Number of protein chains: 2
Amino acid sequence: MFDNRKKRTELSELGEFGLIDHLTRNIRHRQPATIKGVGDDAAVLDYQGKKILVSTDLLLEGVHFDLTFTPLKHLGYKAAIVNFSDIAAMNSLPAHLTVSIAVSNRFSLEAIEEIYSGIQLACDRYQVDLIGGDTSSSVTGLMMSLTVLGEAEESDITYRDTARENDLICVSGDLGAAYMGLLLLEREKKVFNADPSIQPDLGGNDYILQRQLKPEARVDIVRKLKALKVKPTAMIDISDGLASEVLHICTDSETGCAIYEEKIPVDPATLAMAQEMGIDPTICALNGGEDYELLFTIDIHDYDTLKDDQEITVIGHMTHQASGMNLITRSGTQVPLRAQGWDAFKERREERGERREEKGERREEGGERREERGERREEK
Amino acid sequence: MFDNRKKRTELSELGEFGLIDHLTRNIRHRQPATIKGVGDDAAVLDYQGKKILVSTDLLLEGVHFDLTFTPLKHLGYKAAIVNFSDIAAMNSLPAHLTVSIAVSNRFSLEAIEEIYSGIQLACDRYQVDLIGGDTSSSVTGLMMSLTVLGEAEESDITYRDTARENDLICVSGDLGAAYMGLLLLEREKKVFNADPSIQPDLGGNDYILQRQLKPEARVDIVRKLKALKVKPTAMIDISDGLASEVLHICTDSETGCAIYEEKIPVDPATLAMAQEMGIDPTICALNGGEDYELLFTIDIHDYDTLKDDQEITVIGHMTHQASGMNLITRSGTQVPLRAQGWDAFKERREERGERREEKGERREEGGERREERGERREEK
């Protein structure tokens, strides 16, 4: 990812204030709510009586992303999208973003510019104003912390804990593709590491790669639901896999659920790669994560309004809490849903390794060994 | 700082959701603006027509703090205060805070609880609601990212770029103490590292240590100015040293300034330690930083209202831009002000080392050598 032939400007040449000036000089504001952006102790906003939504995400190299196959511009774009998606998950629209970045001296000004160009592209597309942030050196690696603010009328905001028995469970788009994209990138990385003369074979997999490297936040679904006058009864975005998110809604709403495996939308490209890798595509959809689709419940009376929508699929319904949270498989068997989503405190790659092992696909994971070495070194 | 005799709970035992539940279960909300805090995709706030202020800060181990002499509870407290101070610097009051923390497996649950107890204490004292955040593992060290939201009537908000020629320059409290506290802690760390049988000699230095380890945000000054009906013409908080902050106001307001050395408020404890260390106390005040006092300009007609206040000192006045930004020394000499404040991209300790060298006090800095090794290790 780091092309050494390009110009390299050391961050220490600019200093902290110089870097901030450099990165923020082209910022344009579109939101009427922005009174003051970058350039003072705080940004100043005016939401004119609307409610304020706030969400924040950390992204760390070696934990959340792997720069050997993530272009920096894509990383910036995705970091912004992940935050926008949290606001969409409240049935609301993102409006303002702060971005803090810490980098080691491995990173040049040009590398930071790449990240910012991705963030700026996301802001342009989603009409979000970049209003502030912080920059710092780090002892090791790249770290980003983004905070997004959104606005909404109180009557539009949709929480997780307000689903009711008999509500229909809907999902936007399709699931599992981002996870298959990740597995493909990790497979090709391993092949490349083993023999650098073999070039990565990524051809024909545009869809799953794009879903992993350049996801979108479904603000279009938020706008569509408003236009159709459908207010979901509960909503969440799918960052940790369908199973984990359904369980959040059920637990918080004190309901059970029945999800029908055959209804879960999976793209043919996801299906094809899952078959190639010998992985159950339903497992990808349930536990893969990073889809950034919206999972929401609707009153059964809204079914007719949404039933023909190409972008929304009804995958089940909410049940009484005592019935439990279940998946109805293609064969008609009812199995309890379990969350095996992303957990930053458990070894993600290790888990994935275990899952592969279950499928008789044991492989060596160079990445972990390096991470473990890093940790041990630090303990001394 | 890590007492191994205490109970140690691994974060991996709880997992990410378990940790968030554990850390947030005792959160109480005080702000009427808080509709929904932790527990959904985003927090929801209602500022009822007031303006929203947003500021964010990154804090990284090895860059912004040294855990060998910073108790974790103090670190949490200071991290919150640094953010609150940014809102006070807009002549406004902090109201909501998000806290994101990434830690390596060197840190136990009990360590994170200590940090949170400090953050919670700051929130209690300043009536700020903790409304969200993120947690993650890190490959190395501790990293925090905090975002604060504040509220204000538009007419109260004070920017940096609105000072005018002939305005008086005021500062709250006293300056340079936090920097002397840091130098004392670093000196004793070095003595301890050289011979662990020698216990740190920190007695009798409570004031400068407290200023470094447990600073406060001057929301009391914001409230006092409002009560006295004095609206500053420009305002900033002193995080990088008086010189750097005065230059920000002058540059942004397109004015010059005259600061009188003899007027700069320095506490006797700061003076005594500066003498002991052979450092000019004016340099500490101008370039030391981390005072978190407020620097503001007022219309000359407000002088009588503030002149007898024990907490506010008039240290100079704004001049025409062409006159430059100057310090008038005790001997009456006019010298241009230079900013030598904190820059996260330049080696802070190295700079400090250089300054000491200028005073003929060359010392070995174990800390840097370790950091440099860390960087080199990563470049491989």
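In this predicted model, strand β2 (residues 43–45) of chain A pairs with strand β3 (residues 51–60) of chain B; the two run antiparallel and are joined by three bridges. Within this pairing, Ala43(A) faces Val54(B) of β3(B). Val54(B) also has a bridge partner in β6(B), namely Leu149(B). That second pairing, between β3(B) and strand β6 (residues 143–152) of chain B, is likewise antiparallel and extends over ten bridges.

These pairings belong to an open sheet of six strands, arranged in the order β1(A)-β2(A)-β3(B)-β6(B)-β4(B)-β5(B), with mixed pairing. The edges of the sheet are formed by β1 (34–36) of chain A and β5 (129–137) of chain B; each has a single partner strand, so one side of each lacks a neighbour in the sheet. From one strand to the next, the twist averages 20°. Strands of a sheet pair through backbone hydrogen bonds, in either a parallel or an antiparallel sense.

Two helices of chain B lie across strands of this sheet. Helix α2(B) crosses β3, β4 and β6 of chain B and runs at about 35° to β6(B). Helix α3(B) lies across β4 and β5 of chain B, and its direction is at about 175° to β4(B).

The relation between the two chains can be considered next. Two copies of a chain are related by a rotation about an axis and a shift along it. Here, chain A is superposed on chain B by a rotation of 180° with 0.0 Å of shift along the axis, and the RMSD is 0.0 Å. The two copies are therefore related as by a two-fold rotation axis. Among the residues of chain A, Gly49(A) comes closest to that axis, its C-alpha atom being at 2.3 Å.

The contact between the chains involves 67 residues from chain A and 67 residues from chain B. On the side of chain A that touches chain B, strand β3 (residues 51–60) of chain A gives the most, with nine residues. The residues on that side comprise 27 nonpolar, 22 polar and 18 charged. Of the interface residues of chain A, 100% are also interface residues in chain B, so the copies meet through the same surface.

Helix α6 (residues 219–227) of chain B offers a further view of the packing. Its buried residues are Val219(B), Ile221(B), Val222(B) and Leu225(B). Viewed down the axis of α6(B), these buried residues lie within an arc of 155°, so they line one face of the helix. An α-helix has 3.6 residues a turn, so residues three or four places apart point the same way. On the other side of α6(B), Arg223(B) and Ala227(B) are exposed. The buried residues of α6(B) pack against several elements of chain B, including α2 (72–88), α3 (109–126), β7 (168–172) and β10 (294–298). Just after the helix, Lys229(B) adopts a positive phi of about 60°.

One of the residues in strand β7 of chain B is Ser172(B). Ser172(B) has 25 other C-beta atoms within 10 Å and is therefore buried. Apart from neighbours within four places in sequence, its contacts are Arg218(B), Ile221(B), Glu293(B), Leu294(B), Glu311(B) and Ile312(B). Ser172(B) and Arg218(B) are 46 residues apart along the chain, yet their C-alpha atoms are separated by 8.0 Å.

In chain A, strand β10 (residues 294–298) is joined to strand β8 (residues 234–237) by four bridges, the two running antiparallel. Strand β7 (residues 168–172) of chain A is also antiparallel to β10(A) and is joined to β10(A) by four bridges. Phe296(A) takes part in both pairings: Cys170(A) stands opposite Phe296(A), and so does Met235(A). Elsewhere in β10(A), Leu294(A) is the bridge partner of Asp237(A).

How many of the five residues of β10(A) are buried? Five of the five are, so the strand is largely enclosed by the rest of the structure. Leu294(A), Phe296(A) and Ile298(A) point one way from β10(A), while Leu295(A) and Thr297(A) point the other way. Strand β8(A) also has buried residues in both directions, with Ala234(A) and Ile236(A) pointing one way and Met235(A) and Asp237(A) the other.

Terms used:
Residues are numbered from 1 along each chain as its sequence is written. Chains are lettered from A and ligands numbered from 1 in the order in which they are written. This is a predicted model: local features need pLDDT of at least 70, side-chain atom pairs count only at pLDDT 80 or more; totals for chains, interfaces and linings use all residues. A residue is buried if 20 or more other C-beta atoms lie within 10 Å of its own, exposed if 12 or fewer, and partly exposed in between; C-beta atoms are placed from the backbone. Two strands pair if DSSP finds at least two bridges between them. The arc is that of the directions from the helix axis to the C-beta atoms. Two residues are in contact if their C-beta atoms, placed from the backbone, lie within 7 Å. Copies are superposed by least squares on the C-alpha atoms of residues with pLDDT of at least 70 in both. Ala, Val, Leu, Ile, Met, Phe, Trp, Tyr, Cys and Pro count as nonpolar, Asp, Glu, Lys and Arg as charged, and the others, Gly among them, as polar. Axes are lines fitted to C-alpha atoms, for helices over the stretch in contact, and angles run from 0 to 180 degrees between N-to-C directions.
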